[in-house]
Amino acid sequence: MLEDPTTARILAISPHLNDAVLSVGACLAQASRDGAEVLVHTVFAGSAPPPYSAAAERMHAIWGLSPDEDATLLRREEDIAAIGHLGLSYRHGRFLDSIYRKRPDGEWLASPREGGAKLAVEERAPDGDPGLVAEIKADIEAVIGDFDPTLIVTCAAILDHPDNQASRDAALFAAFEKDIQIRLWEDLPYVTNRPGPVELPPGFQRGAPAFVAVGEEVRTRKFEAVECYSSQLGMLNGRNKNMVHRMDEHARKNSPDSGYGETTWPVVRVEENR
């Protein structure tokens, strides 16, 4: 992923508190060990005051919290511990997770569905709220101004989630305006059981995937960091599904030597590619 880690400055744009660690935690940890500076900026890390949506109350219950507890505060503390365990730096953004947001008509954006942690999100944020993408882009540009990254990494939004799509699109627009290389990560562990298409904004397309292998010690450190997100582990593992096993199995399918690693894609402008 890096030609010269000793001069690299990597800015990871994470939609939620745990996305970057789950998806590219090993690559980021390895880059830091090799001499790169790494900053994880989480977009949807703002605290919302009650009352909360029924979707938020359900998620709080799944996370082992009371209905009106400030879940984001706890999750930020988990994120600080996880990112610190990987030897990285962090920033937490101001935007509210979709379970705390409302549509322009005043109705909640997310609503609960039957079946555990399943939620229905009524609109795609990039289309339904273009102003949100512009605001996120402005915040990312401010972080770029402070950190001066040589590479930006963010989610591919394989998981069809409005927060992921909005974060990705804002990062793409900011990176290309600032002429900074950008790569997309797989949305792990979700892609292991819910793979889907990646629809980038007009004018952008993914290049060839690159699998970055890491050693056993770095792999172990990543999953130790994931354990810091204690409120999320029951949901991530699911019923009778071991998340680490699923992610190991997925990595082996992409690895030339059956080892552990993570996949990213470069992004190019279609006009340039032609």
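Student: In which loop does proline 51 lie?
Tutor: The model is predicted, with residues numbered from 1 along each chain as its sequence is written, and local features need pLDDT (the predictor's confidence in each residue, from 0 to 100) of at least 70, side-chain atom pairs 80 or more, whereas totals for chains, interfaces and linings use all residues. Side-chain values use heavy atoms, without hydrogens and water. With helices (H or I, at least four residues) and strands (E, at least two) taken as DSSP runs numbered from the N terminus, proline 51 is placed in the loop between β2 (37–42) and α2 (54–62).

Student: What is omega for the cis bond joining proline 50 and proline 51?
Tutor: Most peptide bonds are trans. The bond between proline 50 and proline 51 is cis, its omega being about 10°.

Student: Which loop holds proline 189?
Tutor: Proline 189 follows leucine 188 through a cis peptide bond, with omega near 0°. Its place is the loop between β7 (181–185) and β8 (204–206).

Student: What is the relative accessible area of alanine 157?
Tutor: Alanine 157, in the loop between β6 (151–155) and α6 (162–177), has a positive phi near 60°. Alanine 157 is buried (under 20% relative accessible area), because its value is 5%.

Student: Which residues of α9 meet α7?
Tutor: The axes of α7 (residues 216–226) and α9 (residues 243–254) come within 12 Å and cross at roughly 145°; axes are lines fitted to C-alpha atoms over the stretch in contact, with angles from 0 to 180 degrees between N-to-C directions. By contact (heavy atoms within 4.5 Å), Arg219, Lys222, Phe223 and Val226 of α7 meet Met243, Val244, Met247 and Asp248.

How values were computed:
Buried < 20%, exposed > 50% of the residue type's maximum accessible area, 1.4 Å probe, protein only.
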